[in-house]
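Colleague: I should like to learn how the features of a model such as this one are to be read. May we go through the chain together?

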Amino acid sequence: MTSGDVFDTLTDREAGGLQYLEEKFPEKGPLLPKDLLQRAHIYQVVFLMSANIQPLQNSRIVLEIENKLGKEEPKKWAHHFIVKGFTALEQILEKTAGKYCFGDNVTLVRSFNFSPFALDQFYSTLAAPPLSVGILHRAPYPTIQRVMKALYELPEVKASLPANQPDAPKS
């Protein structure tokens, strides 16, 4: 399997693809620390975001809840579980964050779903159809906001923003 094959089958936000990059190109800067307990904490946040927060901003999931339980239920479910997820994330990051989620090094968390764009998506998805429940209030999450601000300052993050992609619509 070549590097190209990996990207034909895995997207850049899949944990498998990121693990492949971590192991294939360790000289590029580790996304995971060597310490197993620190790795476990990083995976805890990755899975918190990918399993507990992100699915509820996915229109496929939202529409299924709506079909099974009624038009208003997706809003309630999404708001409840996303608030719960962000509250848990804030509590974890209060203990682990330095400049970024885990100390002062960029980790797998940033690469997976803790990019400023991904978090902005989580916030703004609550204001867009099919949820339209209003933007999740950011005030209770000062650590998340601080880390997001630091991430936005990274040249790699700026370059990865949707507006900076070659196929982005010109305004």
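Modeller: Let us begin with helix packing, bearing in mind that the model is predicted. An angle of 65 to 115 degrees between axes counts as roughly perpendicular. Helices α5 and α8 cross at roughly 70 degrees, and they are therefore roughly perpendicular to each other.

Colleague: Which residues belong to helix α5 and which to helix α8, and within what distance do their axes come?

Modeller: Helix α5 covers residues 73-96 and helix α8 covers residues 142-152, and their axes come within 8 Å. On the α5 side the contact is made by F86, L89, E90, L93 and E94. Helix α8 contributes P142, T143 and I144.

Colleague: How do the residues of the contact of α5 with α8 divide into nonpolar, polar and charged?

Modeller: Five of them are nonpolar, one is polar and two are charged.

Colleague: At what angle do helix α3 and α5 pack?

Modeller: The angle between α3, residues 36-53, and α5 is about 170 degrees, with the axes 10 Å apart. Angles over 145 degrees count as roughly antiparallel, so α3 is roughly antiparallel to α5.

Colleague: Which residues in α3 meet which residues in α5?

Modeller: From α3 come Q44, V45, L48, M49, N52 and I53. Their counterparts in α5 are F81, I82, G85, F86, A88, L89 and I92. This contact divides into ten nonpolar residues, three polar and no charged. F86 and L89 appear here, and both also take part in the contact with α8.

Colleague: How should I place these helices in the chain, and how many helices and strands has it?

Modeller: The chain has nine helices and zero strands. Along the sequence the pattern accordingly reads α-α-α-α-α-α-α-α-α.

Colleague: What share of contacts between residues at least 6 apart in sequence joins residues at least 24 apart?

Modeller: That share is 64%. As for burial, a residue counts as buried when its relative accessible area is under 20%. Such residues make up 35% of the 171 in the chain. The accessible surface comes to about 10000 Å², with 57% of it belonging to carbon and sulfur atoms.

Colleague: Let us turn to charged pairs. How many salt bridges does the structure hold?

Modeller: It holds three. The criterion is a side-chain nitrogen of Lys or Arg within 4 Å of a carboxyl oxygen of Asp or Glu. E64 and K68 form one of them, at 3.2 Å from N to O. The two residues are four apart in helix α4, residues 59-69, and so are separated by about one helical turn. E64 is partly exposed at 39% relative accessible area, whereas K68 is exposed at 63%.

Colleague: How far apart along the helix are K76 and E73, and what is the distance between their closest N and O atoms?

Modeller: They stand three residues apart in helix α5, which again means about one helical turn. Their closest N and O atoms are 3.2 Å apart. K76 is exposed, with a relative accessible area of 52%, and E73 is partly exposed at 21%.

Colleague: Which residue does K71 meet in a salt bridge?

Modeller: The partner of K71 is E66, at 3.9 Å from N to O. K71 itself is exposed, at 61% relative accessibility.

Colleague: How should one read positions that are separated in sequence? Take T96: in which helix does it lie?

Modeller: T96 lies in helix α5 and is partly exposed, at 22% relative accessibility. Its C-alpha atom is 8.7 Å from that of H41, although 55 residues separate the two along the chain. Apart from neighbours within four places in sequence, T96 is in contact with C101, F102 and G103.

Colleague: And where is the place of P30?

Modeller: P30 is in the loop between α2, residues 15-24, and α3. P30 is exposed, with 53% relative accessibility. In sequence P30 and L108 are 78 residues apart, while their C-alpha atoms are separated by 8.4 Å.

Colleague: Which residues does P30 touch, not counting those up to four places away in sequence?

Modeller: P30 touches E22 and V106.

Methods: Residues are numbered from 1 along each chain as its sequence is written. This is a predicted model: local features need pLDDT of at least 70, side-chain atom pairs count only at pLDDT 80 or more; totals for chains, interfaces and linings use all residues. Side-chain values use heavy atoms; hydrogens and water are left out. Buried means under 20% relative accessible area, exposed over 50%, partly exposed in between (1.4 Å probe, protein chains only). Contact means heavy atoms within 4.5 Å. Accessible areas come from the Shrake-Rupley method with a 1.4 Å probe; for residues, only the protein chains shown count as cover. Axes are lines fitted to C-alpha atoms, for helices over the stretch in contact, and angles run from 0 to 180 degrees between N-to-C directions. Angles under 35 degrees count as roughly parallel, over 145 as roughly antiparallel, 65 to 115 as roughly perpendicular and the rest as oblique. Ala, Val, Leu, Ile, Met, Phe, Trp, Tyr, Cys and Pro count as nonpolar, Asp, Glu, Lys and Arg as charged, and the others, Gly among them, as polar.
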